[in-house]
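Got your viewer open? Here's a walk through the model, one selection at a time.

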Amino acid sequence: MARQGQKPQFVRTIQVRNENRVGVLASVIGTISDNGGDIGDIRLVSQSPRWVVRDIDVTLESLEQLDNVLTNLHAIHESRVLEVRDEVLAAHVGGKIRIQPTRPLTSIADLGRIYTPGVGQVCRHLHEDPSAVDLYTMIGNTVAIVTDGTAILGLGNLGPQAGMPVMEGKSALLAHLVGINGIPILLRTTDPEEIAQTVANISPAYGVIQLEDIASPHCFEVEELVKERVDIPVFHDDQQGTAAVVVAALLNACKVKGLDIRKQKIGQIGLGAAGLAIAKALILLTGSPVLGADLQPDAVARLVKGGGQSADIEQIMGVCDVVIATTGAANLIKPAMIRRGQIIFALSNPRPEIDPDEAEKAGALVAASGSSINNLLCYPGVCRGLLDARATRAIPEMFQAASETLVDLTDEGSLLPGALDKHVHAAVAAAVARVALEHGLARREADMVVMRELAEATAFGVP
């Protein structure tokens with residue numbers, strides 16, 4: 001299926017003061033839900049014998065919907081709306097990342113060591129021994145996060161600057177989880193040739209290139225062109241990163257239900273960046289073709305070229321044991337289409353192709369949405385491992401190793417481990433670095449142990 005545009009969503013925090021008695025909060029929550037608001041966190045602000053003040057996070061689709069929610073809340077006599085806040089925008093004021101020095105700069109002596117005249121000595125040393133660049137600069141711990149802004153989340157082509165909050169978020173998570181410098185690179189071009197050449201020209205400053213939010217189909221050409229022109233690893237997180245986490249979740253679903261994934265017939269609905277990568281990863285894992293459906297013939301042709309089989313939705317829903325959907329089309333899969341015992345991953349955010357609860361009521365053995373399958377579990381560890389090994393390329397086996405590591409670290413009965421667990425990301429990093437060594441792609445074999453310890457210390461906040 002072709003990727004369709006999704007309705008914009010925004011979050012507001014509504015602070016209410018309720019009479020302190022049973023049932024009032026339930027009335028408030030019911031009113032918000034009845035008017036289309038999706039309830040998030042509810043936090044107690046203050047309490048007295050008479051009043052209870054709470055902050056309620058609500059996800060909405062329009063300002064009109066917010067007006068309806070507030071109008072109906074005002075009709076509840078036992079409750080009063082105190083304020084409505086946009087805490088998401090507030091959290092982005094001034095941006096979410098910044099560059100800070102790693103050494104003190106409080107004296108002329110500090111200046112002489114960090115800048116002139118001392119820096120000249122380091123420049124000459126790197127000219128004579130380029131391999132020392134990772135030791136004496138930030139290059140060996142820095143990732144370029146590159147976007148043209150054509151596929152921002154599920155919102156579509158918003159342009160590069162509108163994508164900056166996503167890039168900053170990725171950078172903040174890389175710093176927090178694995179101690180990496182993530183530098184957003186926004187490109188005012190969608191031409192694959194221009195993108196590739198620009199990235200190639202700036203690549204000496206980075207150890208890894210992470211492509212992000214670049215729309216299908218030109219993302220495939222961009223990735224291949226960049227790979228041809230740089231001597232450092234390149235991957236597209238919406239493709240390989242997403243696929244690695246989906247594969248891990250599917251392996252865990254099969255493990256929980258006692259199934260052999262290699263014996264399951266798998267179908268992929270939607271063959272954009274994520275869908276095609278998921279299908280290819282599963283073909284590599286199982287050795288069997290994946291059935292694929294998409295409204296765009298070129299998308300299906302890419303799957304067939306990669307070892308998959310052309311199909312339509314009806315065929316996939318009718319014969320496949322596992323169905324994965326990445327179409328962007330909310331409610332595309334109807335309950336009547338589900339066969340008892342299927343595994344259904346409806347991954348489009350924020351509105352899945354079918355609600356997991358509905359899918360399970362219709363007979364699905366396991367059902368999940370994109371909100372529970374987060375590619376944050378992949379890219380930090382992958383970047384850390386690639387940098388630790390000073391790898392020359394990123395290969396499919398690295399992402400397969402990441403999937404297997406996630407499976408090993410998942411609690412029994414769950415689909416995935418916690419996305420903010422730093423130990424998980426360190427383990428993924430170690431697995432990726434190990435693959436780089438095994439495939440002869442590591443340029444830092446002698447220092448791997450030291451670098452791994454350094455990376456773990458950075459990731460876990462050890463002094």
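On this tour, contact, or touching, means heavy atoms within 4.5 Å. Before you click, know that this is a predicted model, where local features need pLDDT of at least 70, side-chain atom pairs count only at pLDDT 80 or more, and totals for chains, interfaces and linings use all residues. Residues are numbered from 1 along each chain as its sequence is written, and side-chain values use heavy atoms, with hydrogens and water left out.

**Stop 1: Glu 212**

Select Glu 212 and show what surrounds it. Leaving out residues up to four places away in sequence, Glu 212 touches Ile 145, Val 146, Thr 147, Met 167, Lys 170, His 236, Asp 237 and Asp 238. Glu 212 sits in the loop between strand S7 (208–211) and helix H9 (218–229). Helices (H or I, at least four residues) and strands (E, at least two) are DSSP runs, numbered from the N terminus.

Is Glu 212 buried or exposed? Its relative accessibility is 2%, so Glu 212 counts as buried. The scale goes like this: buried is under 20% relative accessible area, exposed is over 50%, and partly exposed is in between (1.4 Å probe, protein chains only).

Now add Gln 210: its side chain and that of Glu 212 are joined by a polar contact of 3.2 Å. A polar contact is a pair of N or O atoms within 3.5 Å; within protein, one must be able to donate a hydrogen and the other to accept it, and residues adjacent in sequence count only if both atoms are side-chain atoms.

Stay in this loop between S7 and H9 and pick Pro 217. The peptide bond leading to Pro 217 from Ser 216 is cis, with omega near 10°.

**Stop 2: H4 and the loop after it**

Next, select Thr 116 and Pro 117, whose linking peptide bond is cis, with omega near 5°. Pro 117 lies in the loop between H4 and H5. Tyr 115 is also in the loop between helix H4 (108–114) and helix H5 (118–128), and at 52% relative accessibility Tyr 115 counts as exposed.

Add Leu 105, Ile 108, Leu 111 and Ile 114 to Tyr 115, and you have a nonpolar surface patch with about 510 Å² of accessible area together. Patches are made of residues with over 30% relative accessible area and no salt bridge: like charges are joined within 9 Å, nonpolar side chains (Val, Leu, Ile, Met, Phe, Trp, Tyr) within 5 Å. The areas come from the Shrake-Rupley method with a 1.4 Å probe, and for residues only the protein chains shown count as cover.

Still in helix H4, show Arg 113 and Asp 110, three residues apart, about one turn of the helix. They form a salt bridge, with the closest N and O atoms 2.8 Å apart. That term means a side-chain nitrogen of Lys or Arg within 4 Å of a carboxyl oxygen of Asp or Glu. Arg 113 is exposed at 60% relative accessible area, whereas Asp 110 counts as buried at 9%.

**Stop 3: a salt-bridge network**

Select Arg 43, Asp 55, Asp 57, Glu 83, Arg 85 and Glu 87, which salt bridges with shared partners join into one network. How many salt bridges does the structure hold? There are 16.

Zoom in on Arg 85 and Asp 55, whose side chains meet in a salt bridge (2.8 Å, N to O). Arg 85 lies in strand S4 (residues 79–85) and Asp 55 in strand S3 (residues 51–60), so the pair ties together parts 30 residues apart in sequence. Both Arg 85 and Asp 55 are buried. Arg 85 also meets Glu 87 in a salt bridge (2.5 Å, N to O), and Glu 87 counts as partly exposed at 33% relative accessibility.

**Stop 4: the cores**

Finish with Leu 250, Leu 282, Phe 345 and Met 398, the residues with the most contacts inside the largest nonpolar core, which has 94 residues. Helix H10 (residues 237–256) gives the largest share of this core, eleven residues. A second, separate core of 20 residues includes Ala 311, Ile 316, Leu 332 and Ile 344. A nonpolar core is a set of buried Ala, Val, Leu, Ile, Met, Phe, Trp, Tyr and Cys residues joined through side-chain atoms within 4.5 Å.
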